[in-house]
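Okay, everyone, thanks for making the time. Let me put the structure up and we can walk through it together.

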Amino acid sequence: MTEAIRVHEVGGPEQLRHESIEVRAPGPGEVLVRQTHIGVNYIDVYFRTGLYPAGNLPFTPGLEGAGEVVAAGEGVKTLRPGRRVAYAGGPLGAYAAERVMPADRLVPLPASISNEQAAAVMLKGMTAHVLLQQVHAVRPGDRVLIHAAAGGVGLLLCQWASHLGATVIGTVGSPEKAELAKANGCHHPVLYREEDVLERVRALTGGDGVQIAYDSVGADTLMVSLACLARRGMLVSFGQSSGKPPAIEVGQLAAGGSLFLTRPSLFDYIATAEELQSAAAAVFEMIGQGRLNVRIGQRLPLADAATAHRRLESRQSTGSTILTV
């Protein structure tokens, strides 16, 4: 038996129940992982509420964690018991002290990366890597707009984009978050509750707009993001923390200046073992070089997963949130 968080009915944070469950032995190509740290991400909220279907009920949420191999199934040659590993992506089930994972979805951790760091950065860090270097290759001199700049992904995007030579404009909800974003590479924090984001972006860019806008907020910000784009700019919609993004007519892209719109999913960029290992290596290299600081804003025990979700949804959190086992 092991402790886990189970969802028996989709809904609010109160549906996250702390229970004991059986853990099966690993089959061929699988390993049993004893976790020490678990990453909390907004996608977990989508599964909990039913916005993203999880399949059969009950289920254990979560897509990110770190720990060590306890046992390896038949055919697993490289991941032996005691090896520290981390992951980001399916299958669901990260909110547990122990779980079985496909061996090819695990990343061995270098000595320079702690379990805590890995659980806080795997999903968010690889998301930043994909958004900045694969969805759109950010170049020196580019102007970028990052919404939720003080959040877990936002802080990493600000640091990484600044390292790439971009001018970073980020929206935040408070002066405290503005200071945090600025300390992490955001050149121009914009207080969206007090300032007109479009007017501020146009003023900061000499009226030209930004080459790319990264929007994880959705309903509240998508149309503003579109209006902030420069000619031939790209809008990257990769989340919807405020609700489903509004529909955009194809003609609006032409009217705005031959604009681009994309809705990427990290999991399409790390679908193969090779892609996963490459993306993780890029993140670890940035951390090892001191160019990426992993800020953990909240640490809570696994049993308090509901509290973690409440803080995330209320926008009270900054940086990464992790659950400890």
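I'll talk about one helix, then its partner, then the cores.

Before anything else, keep in mind that this is a predicted model. So, helix 10, which covers residues 305-313. Which of its residues are buried? That's Ala305, Ala306, Ala308, His309 and Leu312. Look down the axis and those buried residues fall within an arc of 160 degrees, so they line one face of the helix. And what do they pack against? Quite a list: strand 1, strand 2, strand 3, strand 14 and strand 15, plus helix 1. Just after helix 10 comes Arg315, with a positive phi, near 65 degrees.

Now the helix 1 contact. The axes of helix 1 and helix 10 are 10 Å apart, and the packing angle is about 110 degrees. Anything from 65 to 115 counts as roughly perpendicular, so that's what we call helix 1 relative to helix 10. On the helix 1 side you've got Tyr42, Asp44, Val45 and Arg48, and helix 10 brings His309, Leu312 and Glu313. By type, that contact has 3 nonpolar residues, 1 polar and 3 charged.

On to the cores. The largest nonpolar core has 87 residues, and among those with the most contacts inside it are Tyr95, Met122, Met126 and Leu323. Helix 2, residues 115-135, gives the largest share of this core, 12 residues. Take Met126: setting aside neighbours within four places in sequence, its contacts include Ala88, Leu266, Ile270 and Val283. There's also a second, separate core of 15 residues, with Ile169, Val210, Leu229 and Leu259 among them.

Definitions and conventions:
Residues numbered from 1 in each chain as written. Predicted model: local features only at pLDDT ≥ 70, side-chain atom pairs only at ≥ 80, totals over all residues. Heavy atoms only, no water. Buried < 20%, exposed > 50% of the residue type's maximum accessible area, 1.4 Å probe, protein only. Helix = DSSP H or I, 4+ residues; strand = E, 2+ residues; numbered from the N terminus. Arc of directions from axis to C-beta. Contact = heavy atoms within 4.5 Å. Axes fitted to C-alpha atoms, helices over the stretch in contact; angles between N-to-C directions. Parallel < 35°, antiparallel > 145°, perpendicular 65-115°, else oblique. Nonpolar A, V, L, I, M, F, W, Y, C, P; charged D, E, K, R; others polar. Core = buried A, V, L, I, M, F, W, Y, C linked by side-chain atoms within 4.5 Å.
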